[in-house]
Amino acid sequence: MAKSRDRAVFRCGECGHTPPRWVGRCPECQTWGSVAEAGAAPVGLRPLAGAVTAGAVTAPARPIVEIDVEAARARPTGVGELDRVLGGGLVPGAVLLLAGEPGVGKSTLLLEVASRYATAGGPPALVITGEESAAQVRLRAERTGALHPALYLAAETDLAALLAHVDAVSPGLLVVDSVQTIASPVAEGAAGGVTQVRAVAAALIAAAKSRGMATVLVGHVTKDGAIAGPRVLEHLVDVVLQFEGDRHSTLRLVRATKNRFGPADEVGCFELTDGGIQGLPDPSGLFLSRRPEPVPGTCVTVTVEGRRPLLTEVQALVARSTLATPRRAVSGLESSRVAMVLAVLERRGRIQLGDRDVFSATVGGVRVTEPAADLALALALLSSRAGAPLPADTVVVGEVGLGGEVRQVNHLARRLSEAARLGFAAAVVPASTPEGLDADVGDMILLRAPTVAEAARLAGL
């Protein structure tokens, strides 16, 4: 009989892929340095696929029409903007992963959600904090008005102790802040490692599904803004939420990147204040300046975050430069798009900007990355260069091409309807805008422009 040989098994710590040999970069997820030896498996003792026998089942299979769905109905959290992103609320047994930069307001938001959940009656809410003491969280709850007798709080970093609290309280909502601080006694490595995060997440997901307990896991992010930990963590959970916001602004956005129970393209808007965090059902006012007279270099556009149109003001300042290399400063916009628009204005519009300092920004701390704001940026630059203001009741929507043409953008009807609702009387739009759109925007006048030069003429520049 041939002697069984041991063959090393290699596994990627990020995605779990098992390459046949060690490689420096995982061929599946393209992560460097994540492949490590996972132990040796005796080749001669591996079970065959046909040797697996039938085992016990947890519940018999039934026709799909007989499955009761009432137990899986979403329960509103009491925070309207979060319910919008989730698709109605928290589903019993669902596991959510909320990630964001430090200090953006994740703990404050979830403490508010847990308090609203406890206030609504039914099962209590349980918050497990691994980063702060219970007294620190109690102080925050007192400051934000999140105190309630049905809201339970514990400071733990051990998975076994966490599950013991779950058994004792039997909550309907569990918040773990954060999953990287919890350690499992049966897994190797320190808390926050790939093995530990995978083991803790698997245990919490099993507990949530068996109890019908909605669970929210707070996750850390890397310096690039990606969710820290193994990529498999995002595959295991039901919903992945990204909490975004500028440290110097009160605006916060909750964006769903994965949602098994609702839309994955919704965005919730919040305002972080000293008294806590509040939803913003109509946040367009944060992104517009209030001034008695129009100012050169400002232009209003309509961006779309998820499914929500938001009016945003784009500002530009063009000034004579005293430096050999003029400055280009960008805030809230994509620097590559700003450079492209400047090149189009110089080459196609014959506007001399090479000897000028150019500063461009958005109002309210919002970040605009979609091409639909290109035309507004171009007209703001032209307005600042000429010293002539644009009409205060006009919005500008359109993508600028390298040939100087104005291209069509998506969701144009939704954008113009929002602008008309807020009182804007005219809109500069691409020439390819359908004629039937005029009837959908009421009394708003649509100025169709095929090129940037024509758009500037229609806007009075």
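**Exercise 1. Classify T362 and describe its surroundings.**

At 12% relative accessibility, T362 counts as buried. The class follows because buried means under 20% relative accessible area, exposed over 50%, and partly exposed in between (1.4 Å probe, protein chains only). The model is predicted: local features need pLDDT of at least 70, side-chain atom pairs count only at pLDDT 80 or more, and totals for chains, interfaces and linings use all residues. Residues are numbered from 1 along each chain as its sequence is written, and side-chain values use heavy atoms, with hydrogens and water left out.

Step 1: place the residue. T362 belongs to strand β15 (residues 356-362). Helices (H or I, at least four residues) and strands (E, at least two) are DSSP runs, numbered from the N terminus.

Step 2: list its contacts (heavy atoms within 4.5 Å). Leaving out residues up to four places away in sequence, T362 touches T312, E313, S331, G332, L333 and V368.

Step 3: check the side chain. One of its polar atoms lies 2.6 Å from the backbone oxygen of V366.

**Exercise 2. Which side chain does E156 join in a polar contact?**

Step 1: locate E156. It sits in the loop between β5 (151-155) and α4 (159-169).

Step 2: assign its exposure. E156 is partly exposed, at a relative accessible area of 23%.

Step 3: find its neighbours. Not counting residues up to four places away in sequence, E156 touches I128, T129, G130, A161, H165 and I182.

Step 4: pick the partner. The side chains of E156 and H165 are joined by a polar contact of 3.1 Å. The term covers a pair of N or O atoms within 3.5 Å; within protein, one must be able to donate a hydrogen and the other to accept it, and residues adjacent in sequence count only if both atoms are side-chain atoms.

Step 5: set a distant reference. A264 is 108 residues from E156 in sequence and 32 Å away in space, C-alpha to C-alpha.

**Exercise 3. Describe helices α2 and α8 in turn.**

Step 1: take the span of α2. Residues 106-119 form this helix of 14 residues, which reaches 20 Å from its first C-alpha to its last, close to the 20 Å expected at 1.5 Å a residue. The expected span is 1.5 Å times one less than the number of residues.

Step 2: judge its cover. Eleven of the 14 residues of α2 are buried, among them L109, L110, L111 and V113.

Step 3: look past its end. Just after α2, G121 takes a positive phi of about 90°.

Step 4: turn to α8. Residues 374-386 give 13 residues and a reach of 18 Å from first C-alpha to last, close to the 18 Å expected at 1.5 Å a residue.

Step 5: judge the cover of α8. Eleven of its 13 residues are buried, so α8 is largely enclosed by the rest of the structure. The buried residues include L375, L377, L379 and L381.

Step 6: look past its end. G387, just after α8, has a positive phi of about 75°.

**Exercise 4. How many helices and strands are in the protein chain?**

Step 1: count. The protein chain has ten helices and 20 strands.

Step 2: add the extent. Its C-alpha trace spans about 85 × 60 × 50 Å along its principal axes.

Step 3: add burial. Of the 461 residues in the protein chain, 43% are buried.

Step 4: add contact range. Among contacts between residues at least 6 apart in sequence, 66% join residues at least 24 apart.
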